[in-house]
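The following explanation leads the reader through a single model, from its overall division to individual backbone angles. Please consult the sequence and the coordinates while reading.

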Amino acid sequence: MKVWVELFVAFFKTGLLTFGGGYAMLPVLKDEVVAKRGFMREDELLNYFAIGQCTPGIIAVNVATFCGYKLRKTWGAVWATFAMILPSLLIIMLIASVFKTLTSYKAAGHILAGVRVGVCALLLKVVWDLCVRIYKNTQNKIWAIFIFAVSGIGLLLGHLSAVTVVVFALLVSLMPLFIKRGKK
Amino acid sequence: MLFYEFFCIGLLAIGGGAATIPFLFDLSKKYGWFTPEDLTDMIAVSESTPGPIGVNMATFAGFETAGVLGALTATLALVLSSIIIIVLLNKLVNRLACEEKLHTLLKGVQPAVAALILNAAFQIGMNNLKDWLGIGIFMSLFLLMFLYKKSPVFYIVLAGALGYLFKL
């Protein structure tokens, strides 16, 4: 019973105290799960992050699911994930319910206009960082640039949907796996 | 409907938070549940409140669409795909080999994700950078992000303050 409570507290706190998700929550999670509670070793946690990043879905949720599963199997996974998303649910619903009223003030219009410009800059920075990371970690750089270019052109000129682009990229990345198998 | 769409986003948004944004843009076009402007505000709120961005976005988008029930549905659908995949992955006997294959596969998708987010940023830019003042603020914020590694919250607050000051 105690493990369930501890599991909940650890992930609730992580959800509440981290901004942005992904690797931003590593320090808090390390503190809560490794140092304070000894649920797992640090290298295990880092390993979960590595896998969580390359499985579909939100990285933070993937890591919570992995940790929960390690301690209490399937229901542990569900429980840890629930604890992790609960702060988001509560806080965002609260903000969302007053957001329209708040933004109807005249001053808010100017602030929001500024914020939207800021969001655009932030997203561009995200793309930049992602491109740098991909370029550093990929051996086949020309291939990566090719996929980037084809997706980009498809989005701009073909107005493809995000689903189409991701499925296309998945299929294209599947090809080398089959070719390798054929050679054997 | 809401459940199905967010379940798919959970399945296909590879690489976390920001990867959900392009999918939400498609949703706004497809159903008109919320406008692109709403979505831009959601990104700002999600970045500057606690919790993973992807989860925050799903809750907000769900709430805009169908209130509290919508928020719960969208968020649960989003995380359900994660839970299913990871529990399955854990049940596999040959987990390590499988993870390695998944890794090579999803690494190939990353450039496409970058293109998707770039396209989302481009759309937001087209809608919101209307005059030279806006473009100037945009450029200076972007430059500042390279010079100082501050949290996104800092830049969102700064952008809001600049917008108010210059009556954007």
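**Domains, a kinked helix and two backbone angles**

In this predicted model, the centres of domain 1 and domain 2 of chain A, taken over C-alpha atoms, are separated by 25 Å. The domain assignment places domain 1 at residues 2-101, domain 2 at 105-137 and domain 3 at 139-184 of chain A.

Attention turns next to helix H4 of chain A, which covers residues 59-102. H4(A) comprises 44 residues, yet its end C-alpha atoms lie only 32 Å apart. A straight helix, at 1.5 Å a residue, would reach 64 Å, and H4(A) falls short of that span. The helix also contains a kink of about 145°, and this kink is centred on Arg72(A).

Lys73(A) belongs to helix H4 as well. Its phi is near 55°, a positive value in a residue that is not glycine. Is Lys73(A) buried, partly exposed or exposed? With 13 other C-beta atoms within 10 Å, Lys73(A) is partly exposed, because the exposed class ends at 12 or fewer such atoms and the buried class begins at 20.

A positive phi is also found at His159(A), where the angle is about 50° although the residue is not a glycine. Where does His159(A) lie? His159(A) is located in the loop between helix H6 (141-158) and helix H7 (162-183) of chain A. His159(A) has 10 other C-beta atoms within 10 Å and is therefore exposed, since the limit for that class is 12 or fewer.

Definitions and conventions:
Residues numbered from 1 in each chain as written. Chains lettered and ligands numbered in written order. Predicted model: local features only at pLDDT ≥ 70, side-chain atom pairs only at ≥ 80, totals over all residues. Domains from an automatic or database assignment. Helix = DSSP H or I, 4+ residues; strand = E, 2+ residues; numbered from the N terminus. Expected span 1.5 Å × (residues − 1). Bend = angle between axes of the 7 residues up to and from the residue.
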